[in-house]
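The report below walks through the fold, the charged interior, the enclosed spaces and a few local features. It is meant to be read beside the coordinates.

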Amino acid sequence: MKNRTAFLLFLLLAAATALGGADNLRWTAELEGGAVFSGYNDVRIPNATGTLFSLSRDLDVAAKAYYRLRLSYALSRRHELSLLYAPLTLKATGTLPADVMFMGTLFPQGSEVDGVYMFNSYRLTYRYRLLDKPRLRLDIGFTAKIRDAEIALRSPALAASKTNVGFVPLLHLRLDWDWSPALGLLLEADGSAAKQGRAEDVLLALAWRPAPRWRLRLGYRMVEGGADVDETYNFAWIHYIAAGASFSF
């Protein structure tokens, strides 16, 4: 996965070099962090023969800190590329209330288990500025997402895990509204839907600009979606209290 991240970074830098010039470079580095909480997280693997159980209702999932990193490059006034690294691992513990068949392994009722839900995301986004007003900006585009996912159950005697690395195309939207020179509202979303599943990543935040190159934000992010295919049934809803800072140079 590190090789894929390096490859995406190479694509971003290559596009910046080809389409931009030294006189109009405009980079933005963003750091987001805060607390992440699990909503529903329903699992059945394999879909046809596994047991439907919940990592969040049948087990206990503690809130934890998280972070995300984004690097963006403005190719011109209306065109921008960005690269996002968004790791996520949630851990669950507890006693199974019923027998669970997971990945061909039977975990008996009453087993003390540890669960893992990992959903790391690597994204390359292109966005086009459809609306460019002094206080209102609307960007649309698309995101190429690589997911690195794992769902696992472990007990003192048993262990089973399902991993998946795949590509997901997403539509992208960003709405940036400044109601004053220093304060504004930011809405940013990636999403897609198909018969096999769906994915949404949405941020709504208040933004504050303490200096021309700096912007801070505080808001709520949700990640929701999953897949209903032969190998896997999993749908999850993840909640974030999100604080962020960006610096343009």
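Accessible areas here come from the Shrake-Rupley method with a 1.4 Å probe, and for residues only the protein chains shown count as cover. On that basis the accessible surface of the protein, which is a predicted model, comes to about 12700 Å², with 64% of this area belonging to carbon and sulfur atoms. The secondary structure comprises one helix and 15 strands, and 46% of the 249 residues count as buried. Where contacts join residues at least 6 apart in sequence, 62% of them join residues at least 24 apart.

**Salt bridges**

Side chains of opposite charge can pair when their charged atoms come close. In this model the count comes to 22 salt bridges, and three of the pairs are set out here.

| Salt bridge | N to O distance |
|---|---|
| Arg217 and Glu32 | 2.9 Å |
| Arg174 and Glu188 | 2.4 Å |
| Asp176 and Arg215 | 2.7 Å |

Turning to the pair of Arg217 and Glu32, whose side chains meet in a salt bridge, Arg217 lies in strand 14 and Glu32 in strand 1, so the bridge ties together parts that are 185 residues apart in sequence. Both of these residues are buried. Arg174, which forms a salt bridge with Glu188, sits in strand 11 while Glu188 sits in strand 12, and the pair links parts of the chain 14 residues apart; Arg174 and Glu188 are buried. In the salt bridge between Asp176 and Arg215, Asp176 belongs to strand 11 and Arg215 to strand 14, so this pair ties together parts that are 39 residues apart in sequence, and again Asp176 and Arg215 are buried. Beyond single pairs, a network of salt bridges links Glu30, Glu32, Arg68, Arg123, Asp190, Asp201, Arg217 and Arg221.

**Cavities and the largest pocket**

There are three cavities of 30 Å³ or more, and the largest cavity has a volume of about 70 Å³. Its lining includes Glu30, Glu32, Arg68, Glu188, Arg217 and Arg221, along with Leu31, Leu69 and Leu84. At least two lining residues of this cavity come from each of strand 1 (27-44), strand 4 (64-74) and strand 14 (214-228).

The largest pocket holds about 860 Å³ of space. It is lined by 43 residues, and those nearest its centre are Phe119, Arg147, Val168, Gly226 and Ala227. Among the strands that each supply at least two residues of this lining are strand 9 (112-132), strand 10 (136-154), strand 13 (197-211) and strand 15 (233-248).

**Surface and local features**

Trp177, Trp179, Leu183, Leu206 and Trp208 make a nonpolar surface patch of about 520 Å². Trp179 is placed in the loop between strand 11 (159-178) and strand 12 (183-194), and with a relative accessible area of 37% it is partly exposed.

Leu106 lies in strand 8 (residues 105-107) and is partly exposed at 43% relative accessibility. Leaving aside neighbours within four places in sequence, Leu106 is in contact with Asp99, Val100, Met101 and Leu158; the C-alpha atoms of Leu106 and Leu158, which are 52 residues apart along the chain, are separated by 8.5 Å.

Two backbone features also deserve a look. The peptide bond from Ile45 to Pro46 is cis, with omega near -10°, and Pro46 is found in the loop between strand 1 and strand 2 (53-54). Met103, in the loop between strand 7 (100-102) and strand 8, has phi near 55°, a positive value in a residue other than glycine. Met103 is partly exposed, with a relative accessible area of 33%.

Definitions and conventions: Residues numbered from 1 in each chain as written. Predicted model: local features only at pLDDT ≥ 70, side-chain atom pairs only at ≥ 80, totals over all residues. Heavy atoms only, no water. Patch = residues over 30% accessible without salt bridge, like charges linked within 9 Å, V, L, I, M, F, W, Y side chains within 5 Å. Salt bridge = Lys/Arg side-chain N within 4 Å of Asp/Glu carboxyl O. Helix = DSSP H or I, 4+ residues; strand = E, 2+ residues; numbered from the N terminus. Buried < 20%, exposed > 50% of the residue type's maximum accessible area, 1.4 Å probe, protein only. Contact = heavy atoms within 4.5 Å. 1 Å grid on protein atoms, 1.4 Å probe; cavity = no way out; pocket = protein on both sides within 12 Å on 5 of 7 lines; lining within 4 Å. Points joined across faces, edges and corners; volume = space filled by probe spheres on them.
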